[in-house]
2 protein chains.
Amino acid sequence: MNEEEYLRTYDPKGFESPLLSVDAVLFTYHEGQLKVLLVERSNHPDKAKWGLPGGFVDLGADTCLEDTVIRKLKEKTGVIPPYIEQLSTIGNNQRDKRGWSVTVCYTALIARQECETHIDSVSDTQWVSLEQLPSLDLAFDHASIVQAGRERLKQKALYSIIPAYSLPERFTLSDLQHVHEVLLGKPIQKKSFRRRIEQADLLVDTGEKRSETGRPATLYKLKSLAGQHTFIRNLEL
Amino acid sequence: MNEEEYLRTYDPKGFESPLLSVDAVLFTYHEGQLKVLLVERSNHPDKAKWGLPGGFVDLGADTCLEDTVIRKLKEKTGVIPPYIEQLSTIGNNQRDKRGWSVTVCYTALIARQECETHIDSVSDTQWVSLEQLPSLDLAFDHASIVQAGRERLKQKALYSIIPAYSLPERFTLSDLQHVHEVLLGKPIQKKSFRRRIEQADLLVDTGEKRSETGRPATLYKLKSLAGQHTFIRNLEL
DNA sequence: TAGAATAAGTGTCAAATCGACACTAAAGGG
DNA sequence: CCCTTTAGTGTCGATTTGACACTTATTCTA
């Protein structure tokens, strides 16, 4: 049998495959806290519990896994987050009562303002701060996935400014430092933080200032953020 | 309908799922080069091409994805590699002629000696050096997966001594330095390399020496390697 | 058997980086 | 006008890093 013949007679339902879904841990920074987007499940299993935005691949509509995450995130937030990165894939026969189940997990970042109106308009979606998360009984193994996403983001805070994607397009260096401090769970020396930012050369001075109390702060934006969004497979480090 | 009832009537073949497989990029260090284990495909599609060891999840035998990789690697090498780490997951409707396909990829490391006899005994398995790899036309998107695995290992070489798992249990610091140099593609300063190793405090002096020409070198082994193997989900950094 | 050759392993020092902290700058408020 | 608040900079000692010469232990060879 040659390949052509094989493909013609190939039956995709010939053997059983695990359930395959995609989940996203979408973070934002708001009111001094990191928050995760949660969705109330409308279907069994774990119906009515809160869980991560995600779902099954649509073999017709999606051309790749990234299409699926984007589609799901857009459904829930109304927009495509500027930063999406593959986190890890979890698959076993215990995490889902229906049997063998695999989920490809992503972490994503967005400014809360970007999706504020859309999220406020629906009742089955909410931002939950990482502090109040332990008190919630999330669906499946989503609690540990959030934990893993948080760990990953913490590492990023050590050597990159990727957490900036959780802030509005224009932000001050103090804003960014606060995000990093929340992630790392400890204060950062102002001078060394600013030295690092300067060396990295990834921010642009917008020329604008923002003034609340005290000296007005310079507003920066990400150089890379020239409109399009950043997509990163976890093929690094 | 309550959850119990839902689960009783749930039909796993109710909707179409992508093909789900697992692939491993198994590296070893031999004769001054990094080599990858390749397997000749015995089935369509891409029959007779060389590809990565891997295959489908066995819903009966495997309790998790890691079981699957371990099973597949043991089939091909006769042993379980001491280091296995999730690399990334690739899924789209182009990589496999049969349609939508997802592969969960792992990188693994092993000493060539550990599986020498088993591999020599079969003809459909071979070590290929990374230099001669571009001339081979690998199955599916396996060439780019190897590339990604290599990149990941390169990063590890910068701040860890994980590449040590590609060496025999006992090795000299010069051995390890050579592996790192091959990975990074440039020479490393002997002193700084040894400083780093010493600080990390992850090696044990076995007390033995190995002498070829020149001064005999101390043989070290990994502290963690107390028999069992290391398994790492890519939830770090 | 005394070098010569070879590879392992150490000492040292200047340069670069990092942490700490005090200082200056620019705004608003009483 | 000075006090408070937050932004942003200067500086200096401590730590880390890179470069390279040097010492040590062994084999080979004349």
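**DNA strand D and the two domains of chain A**

In this predicted model, 18 residues surround DNA strand D, each with a heavy atom within 4 Å of the strand. The closest are A:K190, A:K191, A:R194, A:T218 and B:R195. Local features need pLDDT of at least 70, side-chain atom pairs count only at pLDDT 80 or more, and totals for chains, interfaces and linings use all residues. Residues are numbered from 1 along each chain as its sequence is written, and side-chain values use heavy atoms, without hydrogens and water.

**Around DNA strand D**

- Of the strand's atoms within 4 Å of the protein, 52% belong to sugar or phosphate, and the rest to bases.
- The side chain of A:S174 has an N or O atom 3.1 Å from a phosphate oxygen of DNA strand D.
- Bases are reached too: an N or O atom in the side chain of B:R195 is 2.5 Å from a base nitrogen, and a polar side-chain atom of B:R215 lies 3.0 Å from a base oxygen.

**Two domains in chain A**

- An automatic or database assignment divides chain A into domain 1 (19-156) and domain 2 (160-228).
- Their C-alpha centres lie 26 Å apart.
- The contact (heavy atoms within 4.5 Å) takes 15 residues from domain 1 and 12 residues from domain 2.
- Between these domains, 5 residue pairs are in polar contact, both residues at pLDDT 80 or more.
- The rule finds 0 salt bridges across this interface, where a salt bridge is a side-chain nitrogen of Lys or Arg within 4 Å of a carboxyl oxygen of Asp or Glu.

Methods: Chains lettered and ligands numbered in written order. Polar contact = N/O pair within 3.5 Å; in protein donor to acceptor, adjacent residues only side chain to side chain.
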